[in-house]
Amino acid sequence: MDYSIYPRNDVLCIDMRSFYASIECVKRGLDPKTALLAVVGDTSRRGSIVLAASPSLKKKHGISNVSRFFELPEDPELVIAPAHMGDYLAVSVEITKMMKNFVPKEAIHVYSVDELWVTVNGLRTLYGSPYEIAELIQSRIREQFGIECVVGIGDNKFLAKVVMDIHAKKASDGIAECRYEDVEELLWPCDIHEIWGIGSRMTRNLNRMGIVTLGQLAKHPLKYLKKNYGIMGEQLYWHAWGIDLSPVYGNFVKTEQKSYGHGITLLRDYQKEEIFACLLDLCEEACRRARYDDKEGRTVHLGIGYSTETGGGFSRSLSVQMPTNSTMEVYHMCLRLFNRFYDGSSKIRRASVALTNLGEETDVQLSLFEDRSKEKALGAVMDTIRDRYGSTALLRASSYTSGGIIPERSQKIGGHYA
């Protein structure tokens, strides 16, 4: 591979170690590196998931982020912390702000609440080599927030991310570097399931082709990968050689909105009669976001997942000629889909609603059979009241029934209590 034709950058991928758990340790005056602490999504439910575990808890008892509350050990030193998503988001924002002391905002790409890329091209005269910059960022985060982080360094985002996942987390100083010339030595021996961007399903597919390591993927003929997996196969091939042409500068916050949707995994099984209030709440949230952006959609998607006892479910869509962002119009379309495809008896555990096929909101088209202008005006008034006084300032009566979800959902961020 002739790497001379590909761009070289100094990209850092920074990941906060046990982010949620570290923040809870700092709040309690504990050392994140030695304390035994688990962050639980909802401490009132024994089956709630463990969102984060401190490094010592992982090492001593083997607790991971897929463990359940009831699986935590009976250890007198163990601290159970309920999740506070608002605190974690606040710290994440402050860390991002701190990065602006080193680079312009165009060089910062936030990947998740606890992970981001930073492009440090041209900073050698100010701060030293990329490795020295990584050490400086580590010390600043440790001093200001009391938490540890690991850093991967690469010529592009892919290399920085993968070397961070595979090598930096095991390094004594939490830093690892991988340039184009290091790919064969550092990455090719790795199992493909360890590589960022290759999920369990793709891993199984590649394994059936005899591809187990990243090196084997790199040596596999590109034409066969493209034939079997299209553009995804081509991307896998170039990633296996360490090549990634995604931009390292830009406005990474602005994205094109392709749909407005909301979904929920219910805390218990819902009967048929209860799901209607839930669907109305989901339609309300999706349409409110569409109205806020002055968008309308012609297609409504409804997804229903049955309880684990029966399994299954359905996902169907319905399109109309006249675009809409009216809550009740979208809700009635969902009811048509539900009544047509629901099996009539299964309990329901998951539900989602999405408005797609979007366009700019237009003036109300007159109809001989219904007054859409009144419905549009009602939605605008309700949105104004909620924007001024809070999302729960004005709710439909159905939201307060056993099937409603907005009162409980409004107290959470990302599905967990703020």
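Contacts between residues 24 or more positions apart make up 65% of the protein's contacts with a separation of 6 or more. This picture comes from a predicted model. Of its 418 residues, 45% count as buried, and the chain folds into 14 helices and 14 strands. Along the principal axes, the C-alpha atoms fill a box of roughly 70 × 60 × 45 Å. About 21,500 Å² of the protein is exposed, with carbon and sulfur atoms supplying 52% of that area.

Let's step inside. The largest nonpolar core has 39 residues, and Ile-14, Met-16, Phe-19, Val-39, Ile-95, Met-99 and Ile-141 touch the most other members. At least two residues of this core come from each of S1, H1, strand S2 (37-40), S3, H3, S6, H5 and S7. Helix H3 is the biggest giver, with six residues. Which residues does Ile-95 contact, once its neighbours within four places in sequence are left aside? They are Met-16, Phe-19, Ile-141, Phe-145 and Ile-147. There is also a second, separate core of 37 residues, with Cys-178, Ile-198, Ala-218 and Val-248 among them.

Now for the empty spaces. Rolling a probe the size of a water molecule over the atoms shows where empty space is left. A search of the whole structure turns up one cavity of 30 Å³ or more. The table sets this largest cavity beside the second largest pocket.

| Space | Volume | Nonpolar lining | Polar lining | Charged lining |
|---|---|---|---|---|
| Largest cavity | about 40 Å³ | five residues | three residues | two residues |
| Second largest pocket | about 530 Å³ | eleven residues | six residues | nine residues |

The lining of the largest cavity is made of Met-16, Ser-92, Ile-95, Thr-96, Val-110, Ser-112, Val-113, Asp-114, Glu-115 and Leu-116. Helix H3 (85-99), strand S5 (108-112) and strand S6 (115-119) each bring at least two residues to that lining. Which element gives the largest share of the cavity lining? Helix H3 does, with three residues.

The second largest pocket has a lining of 26 residues, and those nearest its centre are Met-16, Arg-17, Ser-18, Pro-55 and Lys-58. Several elements each supply at least two residues of this pocket's lining: strand S1 (11-16), helix H1 (19-27), strand S3 (50-53), helix H2 (55-61), helix H5 (130-145) and strand S7 (149-154).

Met-16 is a handy residue to look up in the model. Met-16 is among the core residues that touch the most other members, is part of the largest cavity's lining, and is one of the residues nearest the centre of the second largest pocket.

Note on methods:
Residues are numbered from 1 along each chain as its sequence is written. This is a predicted model: local features need pLDDT of at least 70, side-chain atom pairs count only at pLDDT 80 or more; totals for chains, interfaces and linings use all residues. Side-chain values use heavy atoms; hydrogens and water are left out. On a 1 Å grid over the protein atoms alone, a cavity is a set of points where a 1.4 Å probe fits but cannot get out, and a pocket is an open set with protein on both sides within 12 Å along at least five of seven lines; lining residues have an atom within 4 Å of a point. Grid points are joined across faces, edges and corners, and a volume is the space filled by probe spheres set on the points. Helices (H or I, at least four residues) and strands (E, at least two) are DSSP runs, numbered from the N terminus. Ala, Val, Leu, Ile, Met, Phe, Trp, Tyr, Cys and Pro count as nonpolar, Asp, Glu, Lys and Arg as charged, and the others, Gly among them, as polar. Buried means under 20% relative accessible area, exposed over 50%, partly exposed in between (1.4 Å probe, protein chains only). Contact means heavy atoms within 4.5 Å. Accessible areas come from the Shrake-Rupley method with a 1.4 Å probe; for residues, only the protein chains shown count as cover. A nonpolar core is a set of buried Ala, Val, Leu, Ile, Met, Phe, Trp, Tyr and Cys residues joined through side-chain atoms within 4.5 Å.
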